[in-house]
Amino acid sequence: MFSNRFNRWTVAAIALMGTAIATVPGAVLAQTPDHPSDTAAQFPTRNDLKSLTTSGSYLAARHASVERDAASAAAFYRSALRTDPKNNELLDRAFISSVADGDLDEAVKLAERILTIDKTNRVARLVVGVHDLKMKKYATAQTNINQSIRGPITDLVATLLSGWAAYGAGDAKGGVATIDKLAGPEWYPLFKDLHAGMILELSGKEKDAGVRFERAYKLDDSMLRVTEAYARWLSRNKDSAAATTVYQAFDKKLARHPLIVEGLRDTKAGKKMPPLADSAQAGAAEALYGIGATLPRRGGEDLALVYLQLSLYLQPTHPLALLSLADLYESVKRPQMAIKVYERVPASSPLKRNAQIQLAIDLDSADRTDEAIKILKGVTSDDSKDLEAIMALGNIERGRKKFGDCGATYSRGIDVLPAGNDKANSVWYYYRGICEERSKEWSKAEADMKKALELQPDQPHVLNYLGYSWIDQGVNLDEGMKMIKRAVEQRPDDGYIVDSLGWAYYRIGNYEEAVKNLERAIDLKPEDPTINDHLGDAYWRVGRTLEAKFQWAHARDLKPEPEELPKIEAKLTNGLTDDSNSSAAQADKKKDDGKGG
């Protein structure tokens with residue numbers, strides 16, 4: 001239930017249809033040496049680098065790139081470059097890896113070397129241009145940025161940055177004119193109006209700024225930064241009530257976004273809110289963030305990484321850029337890198353609490369569970385009604401088999417659930433029921449599963465869990481089987497649910513149907529030890545003993561739960577024994593007695 005995707009709060013609600021996204025050589029993402037065991041490629045030491053040949057460094061760098069370990073890749077490429085300084089491929093790869101790692105000072109040096117060889121390298125031009133902008137060298141920034149144009153995305157970014165460089169040089173009118181001259185896809189005007197308005201308001205043209213913000217808002221009132229820019233302008237130039245109305249409209253579309261909550265609090269208090277950007281550097285950072293945050297949804301992870309790193313180079317504490325960068329790392333399965341980014345979110349930011357929740361989830365995935373739990377307990381102690389943090393804590397405890405703890409945690413959430421949201425509330429009872437069942441408190445678990453189904457009658461996972469539990473206990477057999485079949489109808493390609501159906505047939509002694517469904521489950525989840533173990537049992541019962549032992553051996557080799565391993569090894573040695581007191585026999589007896597439900 002809990003989503004670790006913060007993108008819905010950080011990207012513009014705009015469809016970049018048909019966009020030709022420029023890609024960056026080498027899919028490389030940042031890494032730090034603080035936790036070298038967290039990654040497949042360990043961060044190289046200076047001794048490592050000294051001992052490597054050029055070809056060794058190159059091969060190590062390529063491996064690090066495949067592992068998306070940009071820091072190691074950059075270090076190895078630079079090591080190779082030192083021994084082969086005229087190798088342009090090494091120079092280019094060292095440059096790109098340095099950008100991906102966020103080491104922009106080193107990237108600028110390499111970019112300058114590249115431009116002495118290839119004056120048309122657009123990424124190098126962009127990096128040098130952003131560096132010039134940061135250093136307030138506005139004229140050279142415009143020159144370099146204007147030469148980085150390549151396609152719809154880069155055209156827009158370069159134009160917005162050029163406009164901000166012009167403003168920095170004291171030519172706000174020229175900056176706005178530069179932005180207004182740009183023609184392109186239908187989504188350009190939104191960004192053009194937003195950034196033209198931001199430049200105008202900083203140059204004292206508040207009325208003109210308001211016209212541009214209002215126009216952008218009418219184009220898309222679901223874009224967070226457009227809403228914020230317009231509401232802030234209204235708070236200074238109209239009245240707090242108008243600003244509050246804009247914030248409230250956004251809140252109806254996406255409830256309780258931290259920045260909107262803060263804006264509502266300030267406008268209701270009558271505060272006049274400052275502009276989003278207070279300098280050319282901050283405005284350029286906003287442009288790089290705004291585009292960079294949208295790109296991963298269109299398969300542009302590498303270019304997004306460049307833009308987000310450049311945004312943070314200009315404004316290191318930009319909370320939305322930090323969250324977008326961390327989210328990007330999570331999307332490519334590198335939670336260790338996301339951890340370091342979440343730790344950079346300023347404590348003063350309204351988004352810090354969200355960063356803490358995501359940080360905890362990533363810490364747990366990196367097997368730093370104690371740290372994760374400590375963070376989430378801190379968040380929930382600050383706000384005992386923070387359902388997102390409570391859910392995250394419960395999920396981590398459940399995933400780590402702390403079933404007594406997670407049951408208590410989910411209970412805390414259930415105690416403060418809002419009324420009327422039955423479908424969303426169902427999952428709380430389902431998860432608590434799992435914790436109770438695993439804690440051997442079946443009567444409580446059964447009540448919670450029934451409550452979950454009352455709130456969401458066709459939820460397949462609840463149907464599966466409750467139906468299987470009944471069959472496994474030899475009670476309510478007919479109803480339990482109907483539940484599992486309903487779950488399979490909804491999720492026919494879910495290997496775990498199909499396994500439940502097969503194992504339910506096994507439990508009631510219908511071994512032929514068990515084999516058929518368990519073979520289907522294996523097709524869907526071939527590497528699951530439990531399903532392989534189940535199929536082995538079913539094969540044995542229908543006399544396919546060699547195949548049974550093959551499945552048990554496979555289950556053993558797939559690293560089953562520690563408590564299951566001795567059972568599997570015993571079956572490999574002795575097979576299955578007939579047991580008149582087995583669950584299957586008991587189930588058949590209850591069904592014959594008419595007590596199966």
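Student: Before we look at the network, what is a salt bridge?

Tutor: A salt bridge is a side-chain nitrogen of Lys or Arg within 4 Å of a carboxyl oxygen of Asp or Glu. In this predicted model, Asp180, Asp193, Arg212 and Arg215 are linked in a network of such salt bridges, and the structure holds 32 salt bridges.

Student: What is the N to O distance in the salt bridge between arginine 212 and aspartate 193, and are the two residues buried or exposed?

Tutor: The side chains of arginine 212 and aspartate 193 meet at 2.8 Å, N to O. Arginine 212 belongs to helix α12 (residues 206-219) and aspartate 193 to helix α11 (residues 188-202), so their salt bridge ties together parts that are 19 residues apart in sequence. Both arginine 212 and aspartate 193 are buried.

Student: Which parts does the salt bridge between arginine 400 and aspartate 364 tie together?

Tutor: Here the side chains of arginine 400 and aspartate 364 meet at 2.9 Å, N to O. Because arginine 400 lies in the loop between α22 (387-399) and α23 (403-415) while aspartate 364 lies in helix α20 (residues 352-365), the pair ties together parts that are 36 residues apart in sequence. Arginine 400 counts as partly exposed at 34% relative accessibility, whereas aspartate 364, at 14%, counts as buried.

Student: How far apart are the closest N and O atoms of glutamate 519 and arginine 544?

Tutor: Those atoms are 3.4 Å apart, and the two residues form a salt bridge. Glutamate 519 sits in helix α29 (residues 511-524) and arginine 544 in the loop between α30 (529-541) and α31 (545-557), so this pair ties together parts that are 25 residues apart in sequence. Glutamate 519 counts as partly exposed at 27% relative accessibility, and arginine 544 is partly exposed with a relative accessible area of 30%.

Student: Turning to a single helix, why do residues three or four places apart point the same way?

Tutor: An α-helix has 3.6 residues a turn, so residues at that spacing point the same way. In helix α8 (residues 138-146), the buried residues are Tyr138, Ala141, Asn144 and Ile145. They cover an arc of only 125 degrees around the axis, which puts them on the same side of α8. The buried residues of α8 pack against α7 (122-134), α9 (152-168) and α16 (280-292).

Student: How are two packed helices described?

Tutor: Two packed helices are described by the angle between their axes and the distance between the axes. For α11 and helix α13 (residues 224-237), the packing angle is about 35 degrees and the axes are 11 Å apart, with α11 passing α13 in a left-handed crossing. The residues that meet are Leu190, Leu194 and Glu201 in α11, and Arg225, Val226, Ala229, Trp233 and Arg236 in α13.

Student: What sign of phi do most residues other than glycine have, and which value does arginine 256 show?

Tutor: Most residues other than glycine have a negative phi. Arginine 256, although it is not a glycine, has a positive phi of about 60 degrees; this residue is placed in the loop between α14 and α15 and counts as exposed at 58% relative accessibility. Another case is asparagine 476, a residue other than glycine whose phi is positive and near 50 degrees. Asparagine 476 is found in the loop between α26 (460-473) and α27 (477-490), and at 24% relative accessibility asparagine 476 counts as partly exposed.

Student: Where does histidine 257 lie, and which backbone nitrogen lies 3.0 Å from a polar atom of its side chain?

Tutor: Histidine 257 lies in the loop between α14 (240-253) and α15 (258-268), and at 0% relative accessibility histidine 257 counts as buried. The backbone nitrogen in question is that of leucine 259. As a side-chain to side-chain case, asparagine 395 makes a polar contact with tyrosine 410 at 2.6 Å; asparagine 395 lies in helix α22 and is buried, with a relative accessible area of 18%.

Student: How many helices and strands are there in the protein?

Tutor: There are 33 helices and 0 strands, and buried residues make up 54% of the 597 residues. Among contacts between residues at least 6 apart in sequence, 58% join residues at least 24 apart.

Note on methods: Residues are numbered from 1 along each chain as its sequence is written. This is a predicted model: local features need pLDDT of at least 70, side-chain atom pairs count only at pLDDT 80 or more; totals for chains, interfaces and linings use all residues. Side-chain values use heavy atoms; hydrogens and water are left out. Helices (H or I, at least four residues) and strands (E, at least two) are DSSP runs, numbered from the N terminus. Buried means under 20% relative accessible area, exposed over 50%, partly exposed in between (1.4 Å probe, protein chains only). A polar contact is a pair of N or O atoms within 3.5 Å; within protein, one must be able to donate a hydrogen and the other to accept it, and residues adjacent in sequence count only if both atoms are side-chain atoms. The arc is that of the directions from the helix axis to the C-beta atoms. Contact means heavy atoms within 4.5 Å. Axes are lines fitted to C-alpha atoms, for helices over the stretch in contact, and angles run from 0 to 180 degrees between N-to-C directions. A crossing is left-handed if the near helix is turned anticlockwise from the far one by less than a right angle, and right-handed if clockwise.
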